[in-house]
Amino acid sequence: MDAQIIAQILTVTIFIFMFAMIVVDKIERHFVTLGCGLLTLVLVFGLCMHSMTAVWETLNVQNIFTLDFWYQAGEGAESSSGINWATIIFIAGMMVMVEGMARVGFFRWLCMRIAQLVHYKTVPIFITFMIMSAVLAMFIDSITVILFLAAVTVELAVLLKFSPIPMIMAEIFCANLGGSATMCGDPPNIIIGTSLHYTFADFITNTGVMAGVSLILVVVYFYIVFRKELSQSGGEVTENLANLDPKKAITDKKGFVISIIIFLCAVVLLITHAQTGLTVAFIGLFIAIVTFITSGKAALAIAKKVDYKTLLFFVGLFIVVGGLEETKILEVIAAFIQRISGGNMYLMIAIIIWISAIASAVVDNIPFAATMIPVIRAIAKAQGMDLSVLAWALSMGTDIGGSATPIGASANVVGIAVAEKEGYHVGWGKYCKAVIPVTVLVLLVSTGIIFFRYL
């Protein structure tokens, strides 16, 4: 049998095994991807292809030591295959910043302050927390957003005597929706942006429009669906109000002010990085260094709290996807999508957005997005299509599709876990009954906007 065919069979087998193990979730996912990445390097590139070039291109370490990696000429010169170090460095930097903000009580203060502004009324809290979840998730990892929002929601529910389950489900969906609006909102978007060289402004003016229109419909939808449960709440709090004082949430006043300044600095750098020429890798590293310096003695504690397992998960994932690319498997997939769509752009867009959504509802949307990027690049090249249109379809499909089930996205798992820990059970039936219809609604809106605006 031809060595190329053997390499392709091995690569696909490793990829399917990796996906299956991630879904089964018996072994921590970073071990799964790193193990499968090692198999790809040794079995596919080593034994089958005898190609150290493929190994070197996939590891992509040399790219970090070029000026282009840190400063624009920039992301355009970045290797299109292998480990996307820009994504990993940027996410690590944002993790450091978020841990710094959490340490001084920023998120808890924000939740308590908004609850105070709406006078602790259930329905206004429900609506404002949905909007706050979406807005925060535009700039901060949705897992962190939900972790703090869900915890505060449970605390408010106890004092105001309402069920926190509807509010937590709505917050989860809005966090995923808000994450779709920007390049730094969700990991799939970070991967898409760094791989295809799109900026923060590119996302906010494209997927951001779809997310903004959808958010209005989503808020109305969840209010209609849960209005009876919300109206049955006690709604009045007569004691323990002191427990909700926003000022008590701040653990370090000086650090609190500094963390806000760093956050605003990160937002400005991201919004202007197309103009300044600073890459997202530079921004992530810069924000991390500033956070460590200004945290003083707490820097070590912050460093320990960074989610290194997720970063290692990305490293292994990129190696396995690099294997699919080096063995030309992704070109085969691209050709298949072109064939079944008959070259029809409308059908091709629909296939990408809906298949992405369905897949992301049952498996982790991060590996799916990473796998599909070279596929849509190949499709755009073969069909002469605008690559950005396919990118926006992939972004919305993966980001929104992950909302449909309790396991579709990390934010879903975290939010439900917080509720369960406090004794509020969120079953698959209740979750899917409420969330699947609104997921379909947002996907229909996104598909319609793409058809109307770009085709």
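Here are four short exercises with worked solutions on the structure above.

The model is predicted, so local features need pLDDT of at least 70 and side-chain atom pairs count only at pLDDT 80 or more, while totals for chains, interfaces and linings use all residues. Residues are numbered from 1 along each chain as its sequence is written, and side-chain values use heavy atoms, with hydrogens and water left out.

**Exercise 1. Follow helix α19**

Describe the span, bend and cover of helix α19.

Step 1. Start with the limits: α19 covers residues 365–383, 19 residues in total. Helices here are DSSP runs (H or I, at least four residues), numbered from the N terminus.

Step 2. Check the span. From first C-alpha to last, α19 reaches 26 Å, close to the expected 27 Å. The expected span is 1.5 Å times one less than the number of residues.

Step 3. Look for a bend. There is one of about 30 degrees at M372, and the proline P374 follows within four residues. The bend is the angle between axes fitted to the seven residues ending at a position and the seven starting there.

Step 4. Assess the cover. Of the 19 residues in α19, 14 are buried (under 20% relative accessible area; exposed is over 50%, partly exposed in between, with a 1.4 Å probe and protein chains only).

Step 5. Move just past the helix, where G384 takes a positive phi of about 70 degrees.

**Exercise 2. Trace three salt bridges**

Find which helices are joined by the salt bridges E155–R108, E229–K430 and E325–R377.

Step 1. Set the rule: a side-chain nitrogen of Lys or Arg lies within 4 Å of a carboxyl oxygen of Asp or Glu. The whole structure holds five such salt bridges.

Step 2. Take E155 and R108, whose side chains meet at 2.7 Å, N to O. E155 is in helix α8 (residues 142–160) and R108 in helix α6 (residues 106–117), so this pair ties together parts 47 residues apart in sequence. E155 is partly exposed at 22% relative accessible area, and R108 is partly exposed at 30%.

Step 3. Go on to E229 and K430, which meet at 3.5 Å, N to O. Here E229 belongs to helix α12 and K430 to helix α22 (residues 428–454), so the pair ties together parts 201 residues apart in sequence. E229 is partly exposed at 32%, as is K430 at 36%.

Step 4. Finish with E325 and R377, where the closest N and O atoms are 3.9 Å apart. E325 sits in helix α16 (residues 308–326) and R377 in α19, so parts 52 residues apart in sequence are tied together. R377 is partly exposed, at 24% relative accessible area.

**Exercise 3. Locate the nonpolar patch**

Which residues make the nonpolar surface patch, and which helix gives the most to it?

Step 1. List the members: V209, V213, L217 and L441 make a patch of about 260 Å².

Step 2. Assign the main contributor. Helix α12 (residues 207–231) gives the most, with three residues.

Step 3. Inspect one member: L217 lies in α12 and is partly exposed, with a relative accessible area of 35%.

**Exercise 4. Check the cysteines**

How many disulfides are there?

Step 1. Apply the cut-off, a pair of cysteine sulfur atoms within 2.5 Å. The count comes to zero disulfides.

Step 2. Try C111: the nearest cysteine sulfur, that of C174, is 14 Å away. C111 is buried, at 2% relative accessible area.

Step 3. Try C184: its nearest cysteine sulfur, that of C265, is 13 Å away. C184 is buried too, at 6%.

How values were computed: Helix = DSSP H or I, 4+ residues; strand = E, 2+ residues; numbered from the N terminus. Patch = residues over 30% accessible without salt bridge, like charges linked within 9 Å, V, L, I, M, F, W, Y side chains within 5 Å. Areas by Shrake-Rupley, 256 points an atom, 1.4 Å probe, with all protein chains shown as cover.
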